[in-house]
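Trainee: I would like to take a close look at a single part of this model and follow it outward into its surroundings. Could you go through it slowly with me?

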Amino acid sequence: MRESEVWGKTRDQWIRELPALKDLVKLKETFWENPALLPTAVALKTSPLTMDDILDAEARLKRFAPMIAAAFPETAAAGGIIESPLKSIPSYASRLRMLTDRGFTGSLMVKCDSHLPVSGSIKARGGIYEVLHHAESLAMTMEDLKETDNYTRLLEEPFRSLFSRHELAVGSTGNLGLSIGIMGARLGFRTTVHMSRDARQWKKDLLRGRGVTVLEYDGDYSLAVEEGRKSAGENCHFVDDENSTELFLGYATAALRLKGQLEKAGQRVDSDHPLFVYLPCGVGGGPGGVAFGLKLVFGDAVHCFFAEPTHSPCMLLGLMTGCHDKVSVQDFGIDNITSADGLAVGRASGFVGKTIEPFLSGCCTVSDETLFRRLKLLTDLEDLSLEPSALAGFTGPEMLTATKEGRSYLTRFTPENLTRATHIAWATGGGMVPEEEMKGYYKRAEKQSALPVPE
Ligand SMILES: *Cc1c(COP(=O)(O)O)cnc(C)c1O
């Protein structure tokens, strides 16, 4: 086999320089501590985005809240604010203590973005925010919308005609397409979703049912994005998952809401009460935006980790090599084939990688086998049904407390502080998965769980 080079080095040379790459290329589950992490105050000095940007996004979402409440009645009780519950999962936490030989201490919670209204995944934050941002800017420049107006106006003329003359397009493995498609179509935009081969059929069917054009490609996420970007013409706003600051800021507002939820739940966060958050990562915008927001809200008291499939560790590869979006998992012979469809991304966002690098504590990778084992545990113990991608964060606490690399990160805390810690697994999707599909996931999970755990 001919040894191909990546940025002037062979794979072997890369591995000699970065020993952690070896396990990654072998598709082993790994925990990686980010050597580029900085104190939050220092990291902020060079950050392209700030708290003001997040507050601006939150204010925009509040302006839209009356319109959202009118257009999506399931959000009316919350006043049109699209937010998800934060839940304790005590039974799963006790099981985790067993699985880690009591290495895991502290409390474990789940952030149920799986149950975000409107589109049932974390994309209901960033995706919907970007559509609203675009709609507002069109309505203000082309018509007479003012910030002080009641935005339910936007559901009527002249705005419907305005939006119908404009297009939205996006490339997606499924969930971003759902969010952009559902909100875009509701406002009257002509919306096209370019779907990668990983996208589930039910997501395409649902979108077509709402009048969205769905184009399918026999390639991965990067191809779907490339095709989408190419075919977006004039009067078309292409939602660029790899480069969009709007998406990123929409995700980041989650941190402001989480702060209130933690206070309500009586969970303190400070240097004696660390907060650990585990976020499933695909191209990076969702987990990156949320982690960025969390660091701005909680500073050095919060520790954010991304979780990726062993077959699609694009963000980890980009961070570890420092090549960000200049490398793909395929460059290192990794196939980007995983049942975690929302995370089936071979090349990470360079914008997110570079922005989040000084704020991120580390990354871990997880096999599909482990995802399905956790799917079964969570269903059995907590009656919580998630899509496979959303399970990735659940292995974070195990990787942190039961691997040598993870424990090395924990040496910065006292045992007392760790007992007082809060861990949050970010459950990123699953709320809209049809029952039959969920049964199929559970069946596979049962089969997987009956097999011995591989070493
Ligand atoms: C998109 C998605 C993610 C990751 O978000 P990125 O912005 O692609 O990193 C995680 N989980 C689910 C279910 C998703 O749909």
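Trainee: In which strand is L108 found?

Mentor: Please keep in mind throughout that this is a predicted model. L108 is found in strand β5, which covers residues 107–112. At 3% relative accessibility, L108 counts as buried, because buried means under 20% relative accessible area. A useful way to go on is to ask what lies across from this residue in space: L108 and F276 are 168 residues apart in sequence, and yet 9.4 Å separate their C-alpha atoms.

To place β5, we can turn to the sheet that contains this strand. It is an open sheet of 7 strands, and if you read across it the order is β3-β12-β11-β10-β13-β5-β4, with mixed pairing. The edge strands are β3 (31–33) and β4 (86–88), each of which pairs on one side only. From one strand to the next, the twist of this sheet averages 25°. In the order just given, β5 stands between β13 and β4.

From here we can walk across the sheet, pair by pair. Strand β13 takes in residues 422–427, and 4 bridges join it to β10, the two running parallel. One residue we have already met takes part here, since the bridge partner of F276 in β13 is H423. On the next step, strand β10 (residues 275–280) is joined to β11 by 6 bridges, and these two strands also run parallel. Between β10 and β11 the chain passes through helix α13, which spans residues 285–298, and this β-α-β crossover is right-handed. A single pair of residues can help you find the register of the two strands: V277 has C304 as its bridge partner in β11.

Strand β11 itself deserves a pause. Of the 8 residues in this strand (residues 302–309), 8 are buried, so β11 is largely enclosed by the rest of the structure. In a regular strand the side chains alternate between the two faces of the sheet. In β11, V302, C304, F306 and E308 point one way, while H303, F305, A307 and P309 point the other way, and all of them are buried. Continuing across the sheet, 5 bridges join β11 to strand β12 (residues 362–366), and the pair runs parallel. Here F306 has C363 as its bridge partner in β12.

Now let us look at the ligand. It is surrounded by 15 residues, of which the closest are K123, N175, G282, G284 and T428. Several contacts involve an oxygen atom of the ligand: one lies 2.7 Å from an N or O atom in the side chain of N175, one lies 3.0 Å from a polar backbone atom of V283, and one lies 2.7 Å from a polar backbone atom of G286. The protein covers 98% of the 380 Å² of accessible area that the ligand has on its own.

For comparison, you can also find an open sheet of 4 strands, with the order β8-β7-β6-β9 and parallel pairing. Its edges are formed by β8 (213–216) and β9 (236–239), each with a single partner strand, so one side of each is left without a neighbour in the sheet. The twist in this sheet averages 20° from one strand to the next. Strand β7 (residues 190–195) pairs with β8 in the parallel sense over 4 bridges, and within that pairing T192 has T213 as its bridge partner in β8.

Finally, a few residues in helices and a loop can be described in the way we described L108. V352 has its place in helix α15, residues 350–356, and is buried, with a relative accessible area of 2%. Although V352 and E242 are 110 residues apart in sequence, their C-alpha atoms are 7.7 Å apart in space. T401 sits in helix α17, residues 396–402, where it is buried with a relative accessible area of 6%, and a polar atom of its side chain lies 2.6 Å from the backbone oxygen of P397. T46, by contrast, belongs to the loop between α3 (40–45) and α4 (51–71), and this residue is exposed, with a relative accessible area of 67%. T46 and T355 are 309 residues apart in sequence, with 9.0 Å between their C-alpha atoms.

How values were computed: Residues numbered from 1 in each chain as written. Predicted model: local features only at pLDDT ≥ 70, side-chain atom pairs only at ≥ 80, totals over all residues. Heavy atoms only, no water. Buried < 20%, exposed > 50% of the residue type's maximum accessible area, 1.4 Å probe, protein only. Pairing = 2+ DSSP bridges. Right-handed = clockwise from strand over helix to strand, strands pointing away. Near = heavy atom within 4 Å. Polar contact = N/O pair within 3.5 Å; in protein donor to acceptor, adjacent residues only side chain to side chain. Areas by Shrake-Rupley, 256 points an atom, 1.4 Å probe, with all protein chains shown as cover. Axes fitted to C-alpha atoms, helices over the stretch in contact; angles between N-to-C directions.
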